[in-house]
Amino acid sequence: MDDDQQILRNLFAGNNISVPKNRAALLEEFLKEEQNIKAINAVVENQNLLINNWKMDNRITDIIQQPVRILNATVGKPYETKFDFDKFKWKDIAAFQFEGLDEVGLHHDEKTKQLTGVPTQSGDFKIVFKFKLAGEPEDAAFHEKLIPLIINPDPKSLWKNLESDKNDPYWKEDNVTQFAPLGDRHILVSSKRGRAHANVGSFREDDFAYRDLDDGWSLVVVADGAGSAKISRKGSALACNSVVQYFTENSSKESLAEFDVLLQQHKNNSGDDTQKKLNNYVYNKLGKAALYVHKQLAEFATKAEVPLKDLNSTLIFTLFKKYDIGYAFLSFGVGDCPIAILNKGVTEVTLMNWIDVGEFGGGTRFITMPEIFQNEKFATRFGFKLIDDFSYLIMMSDGIYDPKFVVEANLPNIKKWKEFLADLGGKNEDGVKVELHPENKDIVNQFSTWMDFWSPGNHDDRTLAIVL
Amino acid sequence: MRRLPVYLLLDTSGSMTGEPIEAVKNGVQVMISSLRQNPQAIETAFISIISFDSTAKQLVPLTDLASFQMVDIKASGTTNLGEALKLVATCIDTEVAKTTPEQKGDWKPLVFIMTDGIPTDDWQIGLEEFKKRKTAFTVACAAGASADTNVLKQITENVVSLDTADSQSIAKFFTWVTASIGVTSTKVEDAGKEITGLSELPPPPSELNIVV
């Protein structure tokens, strides 16, 4: 009764009607009339209704404006992110539904309180979150909140694979994988155009060659044409062919025979003297080969009327031969391509060369640079090793070295090489396996597939030669 | 993997209120969406947003394009450009990996600065700190007539200007930034080389004047 009186007094006050003391009794009587009681109750009810409605509208606007960020997704990559009402403080949401999730391959899982699924299309989407609050009539319309959702394209799908121009005078095949006998062993080699080149339809700049020479020697060559040089694809091809050419010439064959004599002497008395003689031999013999390659490139540049640096290419080559005391390896290297020999049992790695890595990216050296021949370090570019037996001789371009070994410091580490072999053996993201034995009929296919491994940021040409 | 760090230093002072700040926000959004379509950029480019008004803040730490989400920015206060330069120097120290024998470091960062006014703080101190850090290149954009290109010229030789700080001009600037990041990420991936100056970037659109 007192409450009612207060409501009435507030109402009157709001309308400038005063109730003097001498009318207090009248007011009490007024409040007893049934009609008036009903009216006051209706006022209270309507007031409450207005208050509730206002609160409800505020709450709905709060929810609609509340920033809700959800993790970006990627096409094809399983996605899950918490979508927890408690965390958003949405305990008063009584009913809800999503619109636009199905279309992109996602759904809301109430049990796990997650948005989950495998996104099917990329773009900047706005997911519609429709909701009703507790206390709203059942037939009330849903309110809509827009939630931004970014779905990235699958990075792999962004790379185009455009064929290179076959009419180009320096064209070479985009991808080559071969398996062949070499000496008393076999060679498995693959050279693939990098995705960066495939994306714009340009050429593979890596190259390789291998050859059995007459007197038991076998030769493997890998060259990596510089990305910044205009026709380095020709430079790398010419470099590989020139090495083969040099060692198949008559005069070179004769002097390779001299190595047998020196090695025999070395075997008989393993003094410093014979070791020095062998080193000298390697330096002279392979040094001549390197210089021959350089000259061939220079000659080509002159004829083609292009600057020699347009042919910039790195070069590594290894000669090996089986003797009764083990295998002899001779090598030369300029640039950032490593040559490694893994012993029988893979307990030890022997690196045949040091690699030219500049202080800054791209600071490597090329066979086209005359200054490498005058440099004091030239003599250290050659290697000679005598190893009882070996499981693998491995030569690679930086397209393999960068993703698989990352830094030079990993090269002497046998653990890294074991990981590398395990990777070839199927321990990789896609489970692609190469069975590295000569009886494997499917070895070329397996190896070719393995060579296409995905490594973000590593899309250079890849060349990998394995003597097994 | 070697990342390509990109720092965007954005003026959020009071004078940017309205159309300019909305244009900047939109410009960054469009830039990110478009870079996400570039296979080299989406793998290598990492973006950070630093705002400066009465104070400088790193709104978004160095983040890969795939995870990047733009934050809301509002314009108010003064133009503490010096503080922003000092902050980006600190961020480069902590976020950009250096090359050591055991790890391959990141590429040198790209820095884009956009301002519509004159610094209100002691910006030379910040500049001194910034100059000690190596960047592949720094581009400063003077948006509108109130910006002082002479100040920007002391920060970097690569200065461009917009006649007016309207949404169309600002959009053009960001389109060009997008192209520049795209070209740089392609170049570092393909040739293993960094870009060192404006001359190696795509030609700016006509709305962008190169300040010499």
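Why is strand β2 (residues 45-52) of chain B largely enclosed by the rest of the structure? In this predicted model, 8 of the 8 residues of the strand come out as buried, so β2(B) ends up largely enclosed by what surrounds it. With a residue counted as buried once 20 or more other C-beta atoms lie within 10 Å of its own, both faces of the strand pass: Ala45(B), Ile47(B), Ile49(B) and Ser51(B) point one way, Phe46(B), Ser48(B), Ile50(B) and Phe52(B) point the other way, and all are buried.

The pairing of β2(B) fills in the picture. With strand β1 (residues 4-11) of chain B, β2(B) runs parallel over 8 bridges, and here Ser51(B) sits opposite Leu10(B). With β3(B), the pairing is antiparallel and covers 6 bridges; Phe46(B) has Asp64(B) in β3(B) as its bridge partner. β2(B) and β3(B) also make up a hairpin, with 3 residues between the two strands.

How far can chain B be trusted? Its mean pLDDT is 91, and 98% of the residues reach 70 or more. Within chain B, confidence peaks in strand β3 (residues 56-64), at a mean of 97, and bottoms out in helix α6 (residues 167-190), at 87. For the complex, the predictor gives an ipTM of 0.88 and a pTM of 0.84.

Chain A, for its part, is assigned domain 1 (2-65), domain 2 (73-158) and domain 3 (175-467). Taken over C-alpha atoms, the centres of domain 1 and domain 3 of chain A are separated by 95 Å.

Definitions and conventions. Residues are numbered from 1 along each chain as its sequence is written. Chains are lettered from A and ligands numbered from 1 in the order in which they are written. This is a predicted model: local features need pLDDT of at least 70, side-chain atom pairs count only at pLDDT 80 or more; totals for chains, interfaces and linings use all residues. pLDDT is the predictor's confidence in each residue, from 0 to 100. Helices (H or I, at least four residues) and strands (E, at least two) are DSSP runs, numbered from the N terminus. Domain bounds come from an automatic or database domain assignment. A residue is buried if 20 or more other C-beta atoms lie within 10 Å of its own, exposed if 12 or fewer, and partly exposed in between; C-beta atoms are placed from the backbone. Two strands pair if DSSP finds at least two bridges between them.
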